[in-house]
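Subject: Structure handover, with notes on side-chain pairs

Dear colleague,

Here is the structure I promised to pass on, followed by what I found when going through it. Please read the notes with the model open beside them.

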Amino acid sequence: MEFSKEKIRQIKRLMLLAALLVLMIVYSDKVLLGLVLLFGILKPFLIGGAIAFALNIPMRAIEEKIFARFRGKNIKKIRRPLCMVITIVLVSLVVSVVAGTVLPQVMLTASEIGKKIPVFMERVIVELDRLTKDYPPLAEQVSKLESIEIQWETILSNIIDFLKNGVGDVLNSTVSMASNLISGVVNTVISFIFALYILAQKERLENQGKRIVAAYLPAKMGNKVLEVCSLLYKNFSSFIAGQCLEAVILGVLFVVFMSIFRMPYALMIGVLISFMALIPIVGACIGCVVGAFLIMIDNPIQAMWFVVLFLVLQQIEGNLIYPKVVGNSVGLPSIWVLMAVSVGGSLFGIAGMLMFIPLMSTCYALLRESVNNRNTG
């Protein structure tokens, strides 16, 4: 039985692939170490790509909605840089508003808590005195504690030993912290510059990617790869835009209803919940806990009513707003959204929650298309 040249070539490829898989399994520890090292090297560029992808959503809207009508040669030259500047200014303005609204109020609240702690401690001491008078066995335990002799020499020697051994550790920690800070700043600058390059030349990069796919893959497989990439881009863009819109709507609802019911910190809590709502499903709950704690410091009864208000608005948001704004934008049923959030959060935390919903939506669309084709075929 003779094999054709194409068949022999396929067999060689399968043997090479099997050998590579066996080597990866045998040397899995070294492979993982190499992947971690590679990820550390590429991390600034991956972050830059993510920043470019996020900034491209409002920038594309600005280009298509505002500057599309201007078709002069001079306008075309400055349209891309101008849209990039407008996008960065708008995003920076939003971040500044969030930080300027939330952080001062949090600092003020922390200061109020610091002032109320001494009063709280005095109440605790008075209550302990009352309990010791009402419950003699408790007074006996307190007297036993008072009779315990404290070994001050041992404590002092332990403190001296800690200071001797801890100075080096503190110095090493300081140096490590400083190096990590400098590295973080450098990586952030590199990521941002890389993102600007991507935004400035996105059409050219897209064309180069298509040419690479066409050069190294068969036509049918290349078209499928481009189709999957297009679907991924559409789902990620729709999800991010829908999630941001849903967060803004939810924050506005909280500001309006908290102002109507005269609850404190309406603007700050609304902005905080809006910002935290960018995290699917669990983000708004975190904002609720923080908001209830802040209100409880001033008025525990109002904190209880705030929780009730949150539950009502959460039902409205979950049953009306989220399915219309976000659910329809990615075309993913609610049960799969919950699964994507759970799996993504378990593997990669908040970033995994944000990434796995559009990824799951893409897999769901591809699987649905495959099932439909097989059933109709």
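How many aromatic pairs does the count come to? The count comes to five aromatic pairs, and please bear in mind throughout that this is a predicted model. One of these pairs is formed by Phe53 and Tyr233, whose ring centres are 5.5 Å apart and whose planes stand at 85 degrees; because an angle over 60 degrees counts as edge-to-face, the pair is assigned to that class. Phe53 belongs to helix H2 and Tyr233 to helix H7 (residues 219-260), so the contact between the rings ties together parts that are 180 residues apart in sequence. Neither ring is buried: Phe53 is partly exposed at 25% relative accessibility, and Tyr233 is partly exposed at 30%. Ring pairs also bring in Phe236, so that Phe53, Tyr233 and Phe236 are linked into a cluster.

Helix H7 takes part in another of the pairs, that of Phe254 with Phe310, which is tilted, with 5.9 Å from centre to centre and 35 degrees between the planes. Phe254 lies in helix H7 and Phe310 in helix H10 (residues 300-330), and the two residues, 56 apart, link distant parts of the chain. Both of these side chains are buried, Phe254 with a relative accessible area of 0% and Phe310 with 5%.

Turning to charged side chains, a search of the whole structure finds six salt bridges. Within helix H2 (residues 28-65), Glu64 and Arg60 are four residues apart, which means that about one helical turn separates them, and they form a salt bridge in which the closest N and O atoms are 3.0 Å apart. Glu64 is partly exposed at 47% relative accessible area, as is Arg60 at 37%.

A salt bridge between helices is made by Glu203 and Arg80, with 2.7 Å from N to O. Because Glu203 lies in helix H6 (residues 202-216) and Arg80 in helix H3 (residues 73-134), this pair ties together parts that are 123 residues apart in sequence. The two partners differ in their surroundings, since Glu203 is partly exposed at 44% relative accessibility, whereas Arg80 is buried at 16%.

Helix H6 also holds a salt bridge of its own, between Glu206 and Lys210 at 3.5 Å from N to O, and these two residues, being four apart in the helix, are separated by about one helical turn. Glu206 is partly exposed at 46%, and Lys210 is partly exposed at 40%.

Salt bridges that share partners join Glu63, Arg80, Lys202 and Glu203 into one network. Lys202 lies in helix H6 and counts as buried at 19% relative accessibility; leaving aside residues up to four places away in sequence, Lys202 touches Asn56, Met59, Arg60, Glu63 and Arg80. Several of the residues in that list reappear among the buried positions of helix H2, which include Asn56, Met59 and Glu63.

Finally, a word on the course of helix H2 itself, which bends by about 55 degrees at Leu42, with a proline, Pro44, following within four residues. Pro44 is also one of the buried residues of helix H2, among them Gly48, Ala52, Leu55, Ile57 and Ile62.

With best wishes

How values were computed: Residues are numbered from 1 along each chain as its sequence is written. This is a predicted model: local features need pLDDT of at least 70, side-chain atom pairs count only at pLDDT 80 or more; totals for chains, interfaces and linings use all residues. Side-chain values use heavy atoms; hydrogens and water are left out. A salt bridge is a side-chain nitrogen of Lys or Arg within 4 Å of a carboxyl oxygen of Asp or Glu. Buried means under 20% relative accessible area, exposed over 50%, partly exposed in between (1.4 Å probe, protein chains only). The bend at a residue is the angle between axes fitted to the seven residues ending there and the seven starting there. Contact means heavy atoms within 4.5 Å. Rings of Phe, Tyr and Trp (its six-membered ring) pair if their centres lie within 6.5 Å; planes under 30 degrees apart count as stacked, over 60 as edge-to-face and the rest as tilted.
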